[in-house]
Amino acid sequence: QLPLVESGGGLVQSGGSLRLSCAASGFDLNYAVISWFRQAPGKEREGVSCVSGRQSSGGSTYYADSVKGRFTISRDYGKNTVYLQMNSLKPEDTGVYYCAAFRTVYRLCETVSEYEYDYWGQGIQVTVSS
């Protein structure tokens, strides 16, 4: 069983919405930083949003400027799942989205380097048509 499994991607028109899910198994998301990254064709992978562990400032969140006000990250503690609600989608949001987990109790998510993550999901395609 994979540690992280993404779901919810697909094709949507510009202005539409999608909700991505990142389900974890084998470890407790309450004690982990969870981040969403994306990679567009021909571009480097970039951080989109992250949420700190429950012990870290009650699960503080961070958003890249490009998605601020449109995307919302949230966590369902009971389901051990993190969501990324994406509204007002734009063609430039197109790419493969990955969730990643870094096991920590107190680190804030924005302090975690991309290279520190313990687990990565398999990636899921999001395509926004104009």
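Contact here means heavy atoms within 4.5 Å. Keep that in mind as you work through this predicted model.

**Exercise 1.** Find which residues Y97 touches, leaving aside its neighbours within four places in sequence.

*Solution.* Start with the partners of Y97 that come early in the chain: they include E6 and L20. Next come W36, F37 and R38, followed by V48. Further along, Y97 is in contact with F71, L84 and M86. Finish with G123, I124 and V126.

**Exercise 2.** Describe the largest nonpolar core and where its residues come from.

*Solution.* First, the size: this core has 28 residues. Second, the residues with the most contacts inside it are L20, W36, F71, L84, M86 and Y97. Third, look at the strands: β3 (18-24), β4 (32-39), β5 (46-51), β7 (71-76), β8 (81-86), β9 (95-103) and β11 (124-129) each supply at least two core residues. The largest share, four residues, comes from β3. Last, do not mix this up with a second, separate core of eight residues, which includes F37, F102, C109 and V112.

**Exercise 3.** Work out the strand order of the open four-stranded sheet, and explain why β1 and β7 each have one side without a neighbour in the sheet.

*Solution.* Begin with the order, β1-β3-β8-β7, with antiparallel pairing. Now look at the ends: β1 (4-7) and β7 are edge strands with a single partner each, so one side of each has no neighbour in the sheet. Then zoom in on one pair: β1 and β3 are joined over four bridges in the antiparallel sense, and V5 stands opposite A23 in β3. Finally, neighbouring strands of this sheet are turned against each other by 15° on average, direction ignored.

Technical notes: Residues are numbered from 1 along each chain as its sequence is written. This is a predicted model: local features need pLDDT of at least 70, side-chain atom pairs count only at pLDDT 80 or more; totals for chains, interfaces and linings use all residues. Side-chain values use heavy atoms; hydrogens and water are left out. A nonpolar core is a set of buried Ala, Val, Leu, Ile, Met, Phe, Trp, Tyr and Cys residues joined through side-chain atoms within 4.5 Å. Buried means under 20% relative accessible area, exposed over 50%, partly exposed in between (1.4 Å probe, protein chains only). Two strands pair if DSSP finds at least two bridges between them. Axes are lines fitted to C-alpha atoms, for helices over the stretch in contact, and angles run from 0 to 180 degrees between N-to-C directions.
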